[in-house]
Amino acid sequence: MNTRFELSDRVKNLPPYLFARIDKMKEEAVNKGVDVIDISIGDPDLPTPEHIVKAMQKAVEKPEHHKYPSYIGMLSYREAVAEWYKRRFNVNLDPTKEVLSLIGSKEGIGHIPLAFVNPGDIVLCPTPAYPVYAIGTLFAGGEPYYMPLKEENNFYPDFSSIPEEVLQKAKMMFLNYPNNPTSQTATVEFFKEAISVAERYNIIICHDAAYSELYFDNKKPISFLEVDGAKDVGVEFHSLSKTYNMTGWRIGFAAGNAEVIAGLGKIKTNIDSGVFQAIQEAAIVALNSDESILDSIRNIYQERRDTLYNGLKSIGLNALKPDATFYLWTKVPQGYTSEEFTIHLLDKAGILGTPGNGFGEPGEGYIRFALTVPVDRLKEAVERMKEVL
Ligand SMILES: *Cc1c(COP(=O)(O)O)cnc(C)c1O
């Protein structure tokens, strides 16, 4: 291909996009008129609750919100975040120093290595995982060191297997519980272990808690920040996207260690200008929502989880039963790779899942199904799968 403008090495060196072939197959199937059940994407199908939309409608009319927002977020938003942490996790945060608004948590996760990672520094990244941890690292010139999440270790990294010289060179470690894609949740013991590694080697922990409010059977996930010593070594990233069906609004926050928050803030003041204040006002209303609204969202996902989990089981497919997130991390049947099984389901049954290896090599042997379609579609998906297994 003739190119006039050569891409930067950082773009040329991006890991291959493993879903390209499957994206193309989906497009072909849809064009042929196949009724595809797409359970591949982690984007809620449910609308943002009405009281939040109403708050936005009111806020958008106020001229004071039409100006550049504050870089770090309105104080009232950061206070609402601190109050939410206190109520939900009994964690105390100073809203003036320990909370920062983000244009969605992906933005903060993608940018934070720029604040602390020099070329050649190591960043510990889980795998399989949300791709942004490693890509943010690469864009900052850092080197991801991949920590495999294996079923035999309950999908936690095995810190004892990381070589000493890697730990010495590591600046930062990303963790994510409740986990995408495996759906595993964290224990206090696990976070304690991570904190002791971070203490010993001076590593910043960046914990991604995007799914903390999407839990089942009232098993509330813990926050990294509620564990002793967490705030000395790290921050937690949060998002309103999954909790309140607000993926399109682009608002999240980072909370925790004041130095780390200030470092990320420095990057942001130089490349963005904050979150539209009307969105922050609506987000304050969201964070103060009546729990009954979240319960009704959780009930919808729980019914879907039970439908799909039991359905898969009845046809001989083993999924990890999630306590949180809206994903079912499912073993592919014997004789298939992740990609082969994904293509088989799309081709023969019009069902689109996400091949596990797309999240990193140790995801091979799994397929991820998302609970982002209604129960009747999940029932139909199970029926169709039964025919082609
Ligand atoms: C969806 C998701 C996010 C990001 O969400 P934002 O919309 O950018 O706040 C972050 N981490 C994980 C693991 C996710 O799945």
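## Notebook: loops, cores and a helix crossing

**Entry 1, the loop before H6.** I began with Pro128, which sits in the loop between S3 and H6. This is a predicted model, so I read every value here as computed from it. The peptide bond leading from Thr127 into Pro128 is cis, and its omega is near 5 degrees.

**Entry 2, H6 itself.** From that loop I moved on to helix H6, residues 132-139. Which of its residues are buried? I found Val132, Tyr133, Ala134, Gly136 and Thr137 to be buried. Next I looked up what covers them: the list includes helix H5 (105-116) and the strands S3 (122-127), S4 (143-148), S5 (170-176) and S6 (204-208). Just after H6 I noted Gly141, whose phi is positive at about 85 degrees.

**Entry 3, the loop between S5 and H8.** Here I met another cis bond, from Tyr177 to Pro178, with omega near -10 degrees. Pro178 belongs to the loop between S5 and helix H8 (188-201). Ser183 is placed in the loop between S5 and H8 too. I marked Ser183 for its positive phi of about 75 degrees, given that it is not a glycine. Is Ser183 buried or exposed? Ser183 has a relative accessible area of 2%, and under 20% counts as buried, so it is buried.

**Entry 4, Asp217.** Asp217 is another non-glycine with a positive phi, of about 50 degrees. I located Asp217 in the loop between S6 and helix H9 (230-233). Its relative accessibility is 38%, so Asp217 counts as partly exposed.

**Entry 5, domains.** I then stepped back to the whole chain. The domain assignment gives domain 1 as 9-47 + 292-388 and domain 2 as 50-287. Their C-alpha centres are 25 Å apart. How many residues does the contact take from each domain? I read off 33 from domain 1 and 32 from domain 2.

**Entry 6, nonpolar cores.** The largest nonpolar core holds 96 residues, and Tyr77, Tyr85, Leu124 and Leu240 have the most contacts inside it. Both domain 1 and domain 2 contribute at least three residues to this core. Apart from it I found another core of 22 residues, including Cys125, Phe237, Val260 and Ile261. I picked Leu240 for a closer look. Setting aside neighbours within four places in sequence, Leu240 is in contact with Tyr77, Asn245, Met246, Ile251, Gly252, Phe253, Ala283, Ala286 and Leu287.

**Entry 7, H13 against H14.** My last stop was the pair formed by helix H13 (residues 338-349) and helix H14 (residues 375-388), whose axes come within 10 Å and cross at roughly 100 degrees. H13 and H14 are therefore roughly perpendicular to each other. Which residues make the contact? On H13 I listed His344, Leu345, Lys348 and Ala349, and on H14 Arg384, Met385 and Val388. By type, the residues of this contact divide into 4 nonpolar, 1 polar and 2 charged.

I followed up on His344, which is found in helix H13. With a relative accessible area of 17%, His344 is buried. Not counting residues up to four places away in sequence, His344 touches Tyr336, Ala349 and Val388. Val388 is also one of the H14 residues in the helix contact.

Note on methods
Residues are numbered from 1 along each chain as its sequence is written. This is a predicted model: local features need pLDDT of at least 70, side-chain atom pairs count only at pLDDT 80 or more; totals for chains, interfaces and linings use all residues. Side-chain values use heavy atoms; hydrogens and water are left out. A nonpolar core is a set of buried Ala, Val, Leu, Ile, Met, Phe, Trp, Tyr and Cys residues joined through side-chain atoms within 4.5 Å. Buried means under 20% relative accessible area, exposed over 50%, partly exposed in between (1.4 Å probe, protein chains only). Domain bounds come from an automatic or database domain assignment. Contact means heavy atoms within 4.5 Å. Axes are lines fitted to C-alpha atoms, for helices over the stretch in contact, and angles run from 0 to 180 degrees between N-to-C directions. Helices (H or I, at least four residues) and strands (E, at least two) are DSSP runs, numbered from the N terminus. Angles under 35 degrees count as roughly parallel, over 145 as roughly antiparallel, 65 to 115 as roughly perpendicular and the rest as oblique. Ala, Val, Leu, Ile, Met, Phe, Trp, Tyr, Cys and Pro count as nonpolar, Asp, Glu, Lys and Arg as charged, and the others, Gly among them, as polar.
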